[in-house]
Amino acid sequence: MALDVRMLTVGPVQENCFLFKRPDADTLLVVDPGDELPRILQAIESMEATVEAILLTHTHFDHVGAVAPLARETGAPVYCPELEVQVLANINDYMRFPGFGPFEDYEADHTVAGGETLSLAGLDIDVVFTPGHSPGHVTFVVPDELAMFSGDVLFQQSVGRTDLPGGDWPTLRASIQTLLDTYPDETRVHPGHMGVTTLGAERATNPFLQG
């Protein structure tokens with residue numbers, strides 16, 4: 001079974017929001033709805049499924065800008081990294097870039113810390129604690145389907161920035177190494193920015209992971 005995955009690149013900083021489900025399922029999951037609620041709702045309708053949950057890798061504004069209205073429209077619960085629930089609940093207090101927002105606050109319905117396995121939409125999903133880009137960042141992995149939703153940890157030929165509050169390069173590098181050590185090279189990486197890649201491709205060619 002291959003997952004049905006849709007990628008929507010949304011907002012002014014070109015963030016990737018993902019919708020995914022089993023091909024035969026009538027429920028789906030949304031990862032990091034950052035902006036452009038109408039496009040996300042249209043994609044949900046086109047997949048002929050309802051939203052079972054909204055999963056957040058982290059709470060930077062470009063990944064959570066549409067969380068509150070999407071949760072309201074769909075009734076779906078929001079899973080947020082536990083170290084970042086206060087950011088989601090007070091998002092405009094954490095805005096460090098002029099010209100963006102304002103955004104709507106949201107009180108997380110559930111928290112994740114890493115180490116959990118979520119059973120949602122007929123799928124078992126590993127939650128991996130991957131700090132370094134942000135303090136509470138998590139990565140969601142569907143191991144049976146070799147699918148990873150890496151947020152802003154690992155990109156195609158790049159990695160997440162570490163110059164924002166709570167960022168740290170040695171911590172990020174260790175988080176990426178955990179993913180490389182835990183999952184097969186064939187795992188498809190669906191990142192928060194840029195294109196889809198694989199763990200193997202990044203292990204072999206990503207300049208930030210060499211040496």
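## Exercises on a predicted fold

Cys80 has a relative accessibility of 0%, so Cys80 counts as buried. The model behind these exercises is a predicted one. Keep the structure open as you work.

### Cysteines

**Task.** Find how many disulfides the structure holds, and decide whether Cys17 is buried or exposed.

**Solution.**
- Start with the count: there are zero disulfides in the structure.
- Next, test Cys17. Its nearest cysteine sulfur belongs to Cys80 and is 15 Å away. A disulfide needs two cysteine sulfur atoms within 2.5 Å, so this pair does not qualify.
- Turn the test around. For Cys80, the nearest cysteine sulfur is that of Cys17, again 15 Å away.
- Now the surface. Cys17 has 0% relative accessibility, so Cys17 counts as buried.
- Recall the chemistry: a disulfide is a covalent bond between the sulfur atoms of two cysteines.

### The sheet that starts with strand 1

**Task.** Give the strand order of the open sheet that contains strand 1, and name its edge strands.

**Solution.**
- Walk across the sheet. Six strands appear in the order 1-2-3-4-5-6, and their pairing is mixed.
- Look at the ends. Strand 1 (4-10) and strand 6 (110-112) each have a single partner strand, so one side of each lacks a neighbour in the sheet.
- Check the twist. On average, neighbouring strands of this sheet are turned by 25° against each other, direction ignored.
- Keep the rule in mind: strands of a sheet pair through backbone hydrogen bonds, either parallel or antiparallel.

### Two strand pairs

**Task.** State in which sense strand 1 pairs with strand 2, and in which sense strand 3 pairs with strand 4.

**Solution.**
- Take strand 1 and strand 2. They run antiparallel and are joined by seven bridges.
- Pick one bridge: Leu8 has Cys17 in strand 2 as its partner.
- Follow the chain around the turn. The two strands form a hairpin with four residues between them, and Gly11 in this turn has a positive phi of about 80°.
- Now take strand 3 (residues 27-31) and strand 4 (residues 50-55). Five bridges link them in the parallel sense.
- Pick a facing pair here too: Leu28 stands opposite Val51 in strand 4.

### Helices on the sheet

**Task.** Find which strands helix 1 lies across.

**Solution.**
- Locate helix 1 at residues 37-46. Helix 1 lies across strand 1, strand 2 (15-21), strand 3 and strand 4.
- Compare directions: helix 1 runs at about 165° to strand 1.
- Add helix 3 (residues 67-74), which packs on the sheet and touches strand 3, strand 4 and strand 5 (78-81). Its direction makes about 150° with that of strand 4.
- Step back to the loop between strand 3 and helix 1, where Glu36 sits. Phi of Glu36 is near 60°, which is positive in a residue other than glycine.

### The sheet that starts with strand 7

**Task.** Give the order of the open sheet that contains strand 7, and name its edge strands.

**Solution.**
- Read the order: six strands, 7-8-9-10-13-14, with mixed pairing.
- Find the edges. Strand 7 (117-120) and strand 14 (197-198) each pair on one side only.
- Inspect a pair. Strand 7 and strand 8 are antiparallel over four bridges. In one of them, Thr117 meets Asp126 in strand 8.
- Look at a loop. Leu146 lies between strand 9 and strand 10. With a relative accessible area of 33%, Leu146 is partly exposed.

### The faces of helix 5

**Task.** Explain why the buried residues of helix 5 line one face.

**Solution.**
- Size up the helix. Helix 5 (residues 169-182) has 14 residues and spans 20 Å from first to last C-alpha, close to the 20 Å expected.
- List the buried residues: Leu172, Arg173, Ser175, Ile176, Leu179 and Leu180.
- Look down the axis. The buried residues fall within an arc of 160°, so they line one face of the helix.
- Apply the general rule: an α-helix has 3.6 residues a turn, so residues three or four places apart point the same way.
- Check the other side, where Pro170 and Asp181 are exposed.
- Find the cover. Among the elements over the buried residues are strand 8 (123-129), strand 9 (138-142), strand 10 (147-151) and helix 6 (199-205).

How values were computed:
Residues numbered from 1 in each chain as written. Predicted model: local features only at pLDDT ≥ 70, side-chain atom pairs only at ≥ 80, totals over all residues. Heavy atoms only, no water. Expected span 1.5 Å × (residues − 1). Buried < 20%, exposed > 50% of the residue type's maximum accessible area, 1.4 Å probe, protein only. Arc of directions from axis to C-beta. Contact = heavy atoms within 4.5 Å. Pairing = 2+ DSSP bridges. Axes fitted to C-alpha atoms, helices over the stretch in contact; angles between N-to-C directions.
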